[in-house]
Amino acid sequence: MSGGEPVLQLSEVTFRYRVPNWPKPWKKRLGAGIHKVNLEVHSGSILGLIGPNGAGKTTLLHTIAGLHRHDTGDIRLMGHDREMLGWANAQRHIGLMPERVNWSGTSTPREALQRIVTMRGEEQTAEELLKLVGMRSRMDTPLENMSQGMRQRLSLACALLGSPDILLLDEPMNGLDPVAQAAFRRLLRNLADSGITIIVSSHNLQEMELFVDSLAILHRGQMVAYGSLNEVEKALGCSPSLLVAGNGWCPPSAGSFGTGVTMDKIEPWHGEEWRFTLHRNRGWTGDEKHDVLQAIEGAGGRISLLQTVLPSLEDLLSAATGESADEIGFEIASDSLIPVRTWEVGEDE
Amino acid sequence: MNRLEREKRILNLSWFEARQHFRSPRMLALVALLTLFIGGGSWGLSDPNSTVTAQLQMDTPYEVLFLVSLFVLFSSTLGVVLLGFDGISRKRLTGELAIELSQPIDRTDLARSQLQGLWFAVFIPTFYITLWGVVLIFIQMDAWPTAGELVYFLIPTALVIYWYACIQLLASSVAKDLGSSVTLGVGVWMLFTLIWLLVTAVIASLMGVDVTNLESIEYNRFSEIVDLFSPNGVYQLLLEDKLTGEDGPTMDTAYIWTAAAFWSIIPSTLFLARFKRLKP
């Protein structure tokens, strides 16, 4: 791909599941899905797809991967219309790692991967990829005896087959221990640096913040925010807050820290005498954190913790939708798609 | 990719699938079933002192093979259920299906490889155990079936296993969980293997055919027609067609082979169409 042309472009893409309409199951109605999603992802970047359970992350990844045929809108891969590329050509650009694949059976990772190699009609050998994902010593272990971490690695190896331009990873950190997660993040960064575009889904914003270049927040099948973490925070008016804990003198109000600062209620915390959180619309610079430190310690207090806290997914979703955390949490119980920003409900809803 | 390369790829994938079945613990159960039923049937029915049914002579090895086909129907088709009831649903539940469906391979080719893989996995052991059964028949009767008879026995056997493989994978692609996979898989097998006689009798009585005498020519003719709608029935009619005299079916051979052609086309077409629309 040359210049700034996006590797993947989604324009107003909508896909809705067809669900049985009891008591007339043959007469399907439209269920949950994704609604008018717009997205542009450039070569070598990592996009984090984030949202609560049932937000449509997997559906969006499956739609991009061609597993669902979108109802309306356009998907362009490498500058070409997905439909025009043809099935096999389009799929060669894409590697999909589904969520928590529970590889089972008596065959080995080498055989399982070789089978996918055959499906793709590639010349690549399974061994190379298994080494890349750290499974050199487990190539011939029966699948049913593998840990979830090993299964995740095998799924990643499948996604990497044929060196696709776009990697779609659905909750890849699930089942990985912290050490493996760090190694996984490094591997993703290396892959992105080599020009592969990665879209990775998660419901954990803190985890995403460590390695993604941009974020897309999904809720009820709609994209409610998209951009770099800073851009998203700014757009939604949710900036990082400052968590302060310590002993001795405690500031009585936010006024001690200048204008535009608000403070949560003060409470004891993990053996410390007090803890509170400071909020400011534009976040906190290093100098401003230093000023907070000086203001407290200068008055006789002792700070044991001064930490920037990213807004939670709930905060971002609340800011984007204007709903409370409880309302957002309840939404996953429903299979219908209710537009967040617009209220375009079809007759067959 | 040209046609030949595509077929080669499908064959390779089928072998991957079949190998996985061969190594599964279920294969042990299948081989035990086949050995007991086909081997045991061949040995017992070819015993010169045995009398199974007054109507059917067992003077030639083919006649013994024809009766052994009842055991093939019971064991090999059960084997297809055993290996194939969760052929698609398990992959859907484990997430492997999403990986497979996202590969740059035509879905028809992928579906065919699943189908052939299951067919290989059941037909190959059935084939070898049938050959062993023929040896047992020779030991008892001191006579071999002709090569033509053996081939004629194996072709419908291969076909009935193929039909069941299509039906099982179709049922498995509809099932969304393990429970419904088992219910659909075993349910279909029970319908054709155990309940079909009852179905035939009920339809016959509804259509005014005398069902008090199951040996009557009228009922026999009627049941032959109903049997065309069952894979087991068509299998039996195909094999019966080779029998001579009164043991053969009253129906014209063309009808039986036409039904066999339909059973070969319709379930597989339905499965391929279903697979094309499959969602992971």
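A polar contact here is a pair of N or O atoms within 3.5 Å, where one must be able to donate a hydrogen and the other to accept it; residues adjacent in sequence count only if both atoms are side-chain atoms. With that in hand, the interface of chain A and chain B has eleven residue pairs in polar contact, both partners at pLDDT 80 or more. Keep in mind throughout that this is a predicted model.

## Where the two chains meet

Let's start with the side of chain A that touches chain B. Helix 3 (87–92), helix 4 (109–120) and helix 6 (148–160) of chain A each put at least two residues into that side. Helix 4 of chain A gives the most, with seven residues. By type, the residues on that side of chain A split into eleven nonpolar, eleven polar and five charged.

In terms of contact, 27 residues of chain A meet 26 residues of chain B. The area buried between the two chains is about 2,500 Å², with carbon and sulfur atoms giving 60% of that. Three residues stand out: L67(A), R115(A) and M119(A) supply 29% of the area that chain A buries against chain B, more than any other three residues.

## Salt bridges, across and within

Over all chains, the whole structure holds 21 salt bridges, and three are counted between chain A and chain B. R115(A) turns up again here, with partners E17(B) and E100(B). Here are four of the salt bridges, with the distance between the closest N and O atoms.

| Salt bridge | N to O distance |
|---|---|
| R115(A) with E17(B) | 2.9 Å |
| E100(B) with R115(A) | 2.6 Å |
| R189(A) with D193(A) | 3.7 Å |
| R3(B) with E7(B) | 2.5 Å |

The R3(B) and E7(B) pair sits in helix 1 of chain B, and because the two are four residues apart, about one helical turn separates them. E7(B) is partly exposed, with a relative accessible area of 27%. Shared partners also link salt bridges into one network, made up of R115(A), E17(B), K91(B) and E100(B). Within that network, both E100(B) and R115(A) are buried.

R189(A) and D193(A) make a similar arrangement in chain A: they are four residues apart in helix 7 (residues 178–193), so about one helical turn lies between them. An α-helix has 3.6 residues a turn, so residues three or four places apart point the same way. R189(A) is partly exposed at 25% relative accessibility, while D193(A) is exposed at 54%.

## Two helices of chain B

Helix 1 of chain B (residues 3–22) has 20 residues and reaches 28 Å from its first C-alpha to its last, close to the expected 28 Å. At its N-terminal end, N2(B) acts as a cap, with a side-chain oxygen 3.2 Å from the backbone nitrogen of L4(B). Buried residues in this helix include R9(B), I10(B), L13(B), F16(B) and E17(B). What do the buried residues of helix 1 of chain B pack against? Their neighbours are helix 4 of chain A, plus helix 2 (25–45), helix 3 (61–84), helix 4 and helix 6 of chain B.

Helix 11 of chain B (residues 253–276) has 24 residues and reaches 35 Å, close to the 34 Å expected. At its start, a side-chain oxygen of D252(B) comes to within 3.0 Å of the backbone nitrogen of A254(B). Among its buried residues are I256(B), W263(B), P267(B), F271(B) and F275(B). The buried residues of helix 11 pack against helix 4 (89–94), helix 5 (96–101), helix 6 (107–141), helix 7 (147–174), helix 8 (178–206) and helix 10 (231–240) of chain B.

## Two buried spots in chain B

I88(B) lies in the loop between helix 3 and helix 4 of chain B. Is I88(B) buried or exposed? Its relative accessible area is 0%, so I88(B) is buried. Leaving aside neighbours within four places in sequence, its contacts include L97(B), Q114(B), L169(B), S172(B), F271(B) and F275(B). The C-alpha atoms of I88(B) and S172(B) are 5.4 Å apart, although 84 residues separate them along the chain.

T157(B), in helix 7 of chain B, is likewise buried, because its relative accessibility is 0%. Beyond its neighbours within four places in sequence, T157(B) is in contact with V72(B), F123(B), T126(B) and Y235(B).

Note on methods:
Residues numbered from 1 in each chain as written. Chains lettered and ligands numbered in written order. Predicted model: local features only at pLDDT ≥ 70, side-chain atom pairs only at ≥ 80, totals over all residues. Heavy atoms only, no water. Contact = heavy atoms within 4.5 Å. Buried area = accessible area lost by both parts, 1.4 Å probe. Salt bridge = Lys/Arg side-chain N within 4 Å of Asp/Glu carboxyl O. Nonpolar A, V, L, I, M, F, W, Y, C, P; charged D, E, K, R; others polar. Expected span 1.5 Å × (residues − 1). Buried < 20%, exposed > 50% of the residue type's maximum accessible area, 1.4 Å probe, protein only.
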